[in-house]
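Here are my notes for you to read with the structure open beside them. Go point by point and find each residue as it comes up.

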Amino acid sequence: MSQPKPLNLPFDPIDRAAESWRAHFGPSAAMAAVTSIMRAHQILLSQLDSLLKPYDLTFARYEGLVLLTFSKTGALPLSKIGERLMVHPTSVTNTVDRLEKSGFVRRLPNPRDGRGVLAEITDAGRAVVRSATADLMAAEFGLTMYAEDELHQMFDQLRTLRVAAGDFPASSMRQDEGHGGLL
């Protein structure tokens, strides 16, 4: 997998920033954590987009195709796509536009809503999902440096943030024995 260019700094810039933060403003744990998360996002998005580029996909477009693959009919209203992917309607429109230009989805009128539009995955879209998913899984989504139990812990830690932000209620989490806890 293509990696972003290593910074090769002789120190951890986020740790250095946390030291300065403490000296100027006080406790720095939250600042250091959020800055680390933002840097991790940059690294992972770069890696995943590089891996998906040969398929004419970005990670956002890949997520849209996977969502359609998971749907019962292979088609969803654009509003439902935005809701499930937790993105703005403009982002959904742009994503579907690009997927349509690549031949991976087609737009159809929504039979349940005369003004609404469905995005439906095509056979080419299903094929590209299979190939791209195989590559992503082989690369462990860019997280090869973590053991499976660490990945579960990371998921649990970040889920707490998502519940606090109101993405979903904690009461809706389900028991999953394979995960070792609530999902």
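1. Let's start with the walls of the largest pocket. Helices H2 (29-52), H3 (59-70), H4 (78-85), H5 (89-101) and H7 each give at least two residues to the lining. H2 is the top contributor, with eight residues, the largest share of the lining. Keep in mind that this is a predicted model.

2. Now the pocket itself. The volume of this largest pocket comes to about 2000 Å³. It is lined by 38 residues, and the closest to its centre are Leu 44, Leu 48, Phe 59, Glu 63 and Leu 158. What kinds of residues make up the lining of the largest pocket? The split is 25 nonpolar, eight polar and five charged.

3. On to the sheet. You'll find three strands forming an open sheet in the order E1-E3-E2, and the pairing is antiparallel. The edge strands are E1 (75-77) and E2, each of which pairs on one side only. On average, neighbouring strands in this sheet are turned by 30 degrees against each other, direction ignored. As background, strands of a sheet pair through backbone hydrogen bonds, and the pairing can be parallel or antiparallel.

4. Zoom in on E2 and E3. These two antiparallel strands are joined by five bridges. If you want a spot to look at, Pro 109 stands opposite Val 117 in E3.

5. A salt bridge turns up here too. Glu 120 pairs with Arg 106 in a salt bridge, with 2.7 Å between the closest N and O atoms. This one links distant parts of the chain: Glu 120 belongs to strand E3 (residues 117-121) and Arg 106 to strand E2 (residues 105-109), 14 residues apart. Arg 106 has a relative accessibility of 39%, so it counts as partly exposed.

6. How many salt bridges does the structure hold? There are five. In general, side chains of opposite charge can pair when their charged atoms come close. Another of these contacts joins Arg 107 and Glu 100, whose closest N and O atoms are 2.6 Å apart. Arg 107 is partly exposed, with a relative accessible area of 27%, and Glu 100 is also partly exposed, at 34%. Follow the contacts a bit further and you get a network of salt bridges linking Asp 97, Glu 100 and Arg 107.

7. For a salt bridge inside a helix, look at Asp 156 and Arg 159, whose side chains meet at 2.8 Å, N to O. Both sit in helix H7 (residues 148-164), three residues apart, which is about one turn of the helix. Is Arg 159 buried or exposed? Arg 159 counts as buried, because its relative accessibility is 8% and buried means under 20%. Asp 156, at 27%, counts as partly exposed.

8. Last, two backbone angles to check. Asp 56 has a phi near 60 degrees, a positive value in a residue other than glycine. You'll find Asp 56 in the loop between H2 and H3, and at 38% relative accessibility Asp 56 counts as partly exposed. Phe 141 also has a positive phi, near 50 degrees, and is likewise a residue other than glycine. Phe 141 lies in the loop between helix H6 (123-138) and H7. With 32% relative accessibility, Phe 141 counts as partly exposed.

Notes: Residues numbered from 1 in each chain as written. Predicted model: local features only at pLDDT ≥ 70, side-chain atom pairs only at ≥ 80, totals over all residues. Heavy atoms only, no water. Salt bridge = Lys/Arg side-chain N within 4 Å of Asp/Glu carboxyl O. Buried < 20%, exposed > 50% of the residue type's maximum accessible area, 1.4 Å probe, protein only. Helix = DSSP H or I, 4+ residues; strand = E, 2+ residues; numbered from the N terminus. 1 Å grid on protein atoms, 1.4 Å probe; cavity = no way out; pocket = protein on both sides within 12 Å on 5 of 7 lines; lining within 4 Å. Points joined across faces, edges and corners; volume = space filled by probe spheres on them. Nonpolar A, V, L, I, M, F, W, Y, C, P; charged D, E, K, R; others polar. Pairing = 2+ DSSP bridges. Axes fitted to C-alpha atoms, helices over the stretch in contact; angles between N-to-C directions.
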